[in-house]
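Trainee: I've got a structure to go through and a few things I'd like to sort out. Mind if we look at it together?

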Amino acid sequence: MKITVIGTGYVGITTATSLGEIGHQIMGVDIDELKIEQLNNGVLPIYEPGVEPVIQNLLKQGKLHFTTSLKEAMEGTEIIFIAVGTPQLSDGRPDLKYVEEVAREIGRHMTEYIVIVDKSTVPVGTAEYVQSIIKEQLKLRGLSVAFDVVSNPEFLQEGKALQNSRKPDRIVLGCSSQVAEDVMLKLYENIDALKHLTSPRNAEMIKYASNSFLATKITFINEMARLCDLLAVDVVEVAKGMGMDKRIGPYFLQAGIGYGGSCFPKDVSALAMMGREVNMEMTILKSIQEINQKQTDWFLERVKECMGALDGKRITLLGLSFKPDTDDIREAPSLKLIQKLLAEGAFITGFDPVASNKIKNIFPNIKIGEDAYSAVKDAEAVVICTEWKEIIDLDWRTIKSLMHGDFIFDGRNALDREMLQLEGFQYWGVGRNLNK
Ligand code: NAD
């Protein structure tokens with residue numbers, strides 16, 4: 001099938017790549033000229049493992065093209081994916097201006113039946129809204145062209161995007177016509193996954209409910225970690241024991257310094273706002289937002305408890321992206337932590353396998369290590385913000401010998417506590433400080 005994907009960010013690129021792999025003919029569209037030029041040269045503008053070689057291969061086979069012209073991309077297309085950003089507005093709602101712009105432009109160029117698919121995360125009712133914008137543009141042109149708007153939310157995890165798209169747990173298809181449903185089932189027929197057929201409004205809600213549930217799970221274990229800390233209990237053991245229950249499951253039960261990223265904070269906020277708009281206070285969401293907000297403060301208090309006043313102390317942060325295997329730093333806990341540590345007067349050095357430069361652009365006054373070993377030189381404490389494998393696998397004996405102090409604050413409970421203690425570190429983990 002001939003497919004157009006609008007927006008070549010984390011979601012758009014992955015959608016284009018995975019659909020290209022299963023044999024579809026793909027046009028990727030973005031307003032960012034540099035991104036399009038890079039992509040047409042087989043260069044991935046983001047860090048996402050495994051995607052670049054697949055793009056290069058598809059370009060070579062002529063199955064994938066990138067352009068800044070939506071009009072050109074739309075010629076003969078059967079399906080258009082909208083995969084543009086929906087960032088958070090200051091009042092907590094998602095900003096739909098990119099989705100609106102795209103819908104208007106589709107309406108300006110459409111001449112025959114197309115299925116338009118919302119892949120961006122958008123509030124309940126947006127499929128109908130997109131439909132009304134397109135209809136308005138067609139009316140201005142004096143045309144009456146049939147089309148459908150489908151909600152097909154994306155559930156990929158950055159860092160594992162391609163593998164998630166190749167084999168998703170489920171594909172949610174919110175269709176309002178049989179024709180659209182048939183087109184979408186044909187599109188995904190070669191992807192082996194459960195297909196959940198439902199209405200566009202239900203599909204839109206499934207996305208927000210799923211992300212908010214995951215954020216709740218993380219926040220639950222983070223609050224448990226704070227209690228475990230006070231009661232001489234190890235939260236890692238607790239999570240392990242809980243996760244063995246199939247009704248609970250082991251995922252998203254790792255206590256840490258709070259959730260971040262481009263999705264959870266904004267999606268929880270958007271769902272809470274959806275409730276407020278119909279006069280319903282979403283009390284669970286309100287609590288998890290508060291708890292998550294305070295998690296870095298709580299962490300910082302624990303650091304101060306161990307190290308005393310932080311004024312003038314040299315602290316190295318290892319792992320700066322919001323999670324491993326991505327260069328994405330949107331709402332990363334490291335940002336909040338750096339800000340707070342600087343306010344306390346600490347000297348900060350940071351290192352991340354791929355996100356160091358992005359952090360340096362935001363905090364030009366902090367030092368960035370060329371690698372983890374140079375970053376920890378003379379540090380009095382090391383903080384693990386993100387559990388990259390290459391950070392967990394560092395030679396910790398060498399790290400210890402390079403440091404000036406011996407504190408290690410494992411903000412992700414990712415390191416081997418016993419080994420580090422044997423190496424002479426004063427180890428601190430989130431909710432696992434039994435000998436306080
Ligand atoms: P992104 O910011 O990485 O990419 C968005 C892209 O859209 C940018 O390249 C931008 O230039 C482009 N764009 C904006 N306006 C455009 C226009 N008029 N025409 C063409 N291109 C335009 O965003 P993302 O992380 O890929 O997220 C996209 C959507 O998917 C969001 O709604 C997000 O909530 C959702 N989502 C993201 C993830 C994730 O892990 N990143 C996962 C699931 C869902």
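**Annotated sites and the ligand shell**

Mentor: Sure, and keep in mind that this is a predicted model. Start with alanine 255, which lies in the loop between helix 10 (235-243) and helix 11 (264-277).

Trainee: Okay, is alanine 255 buried or exposed?

Mentor: Count the C-beta neighbours inside 10 Å: there are 28. The cut-off for buried is 20 or more. So alanine 255 comes out as buried.

Trainee: Which residues does alanine 255 touch, leaving out those up to four places away in sequence?

Mentor: Skip those sequence neighbours and you still get a list of partners. They are Ile221, Asn222, Ala225, Val235, Ala239, Asn413, Val430 and Gly431.

Trainee: And where does glycine 260 lie?

Mentor: Glycine 260 is buried, with 25 other C-beta atoms within 10 Å. Beyond four places in sequence, its contacts are Pro265, Phe322, Glu331, Ala332 and Pro333. As for its place in the chain, glycine 260 sits in the loop between helix 10 and helix 11.

Trainee: How far apart are the farthest two C-alpha atoms of the "binding site" residues?

Mentor: That annotation comes from an unreviewed UniProt entry and includes Phe155, Lys207, Ala255, Gly260 and Lys323. The residues span 169 positions in sequence and do not all gather at one spot, because the farthest two C-alpha atoms are separated by 23.8 Å.

Trainee: Now the ligand: which helices each supply at least two residues of its shell?

Mentor: There are 26 residues around the ligand, and Gly7, Gly9, Val11, Ser120 and Thr121 come nearest. By type, the shell divides into 11 nonpolar, 9 polar and 6 charged. The helices you're after are helix 1 (10-21) and helix 5 (97-109).

Note on methods: Residues are numbered from 1 along each chain as its sequence is written. This is a predicted model: local features need pLDDT of at least 70, side-chain atom pairs count only at pLDDT 80 or more; totals for chains, interfaces and linings use all residues. UniProt positions are given in the numbering used here, feature names are shortened, and annotations may be inferred rather than shown by experiment. Helices (H or I, at least four residues) and strands (E, at least two) are DSSP runs, numbered from the N terminus. A residue is buried if 20 or more other C-beta atoms lie within 10 Å of its own, exposed if 12 or fewer, and partly exposed in between; C-beta atoms are placed from the backbone. Two residues are in contact if their C-beta atoms, placed from the backbone, lie within 7 Å. A residue is near a molecule or strand if its C-beta atom, placed from the backbone, lies within 6 Å of it. Ala, Val, Leu, Ile, Met, Phe, Trp, Tyr, Cys and Pro count as nonpolar, Asp, Glu, Lys and Arg as charged, and the others, Gly among them, as polar.
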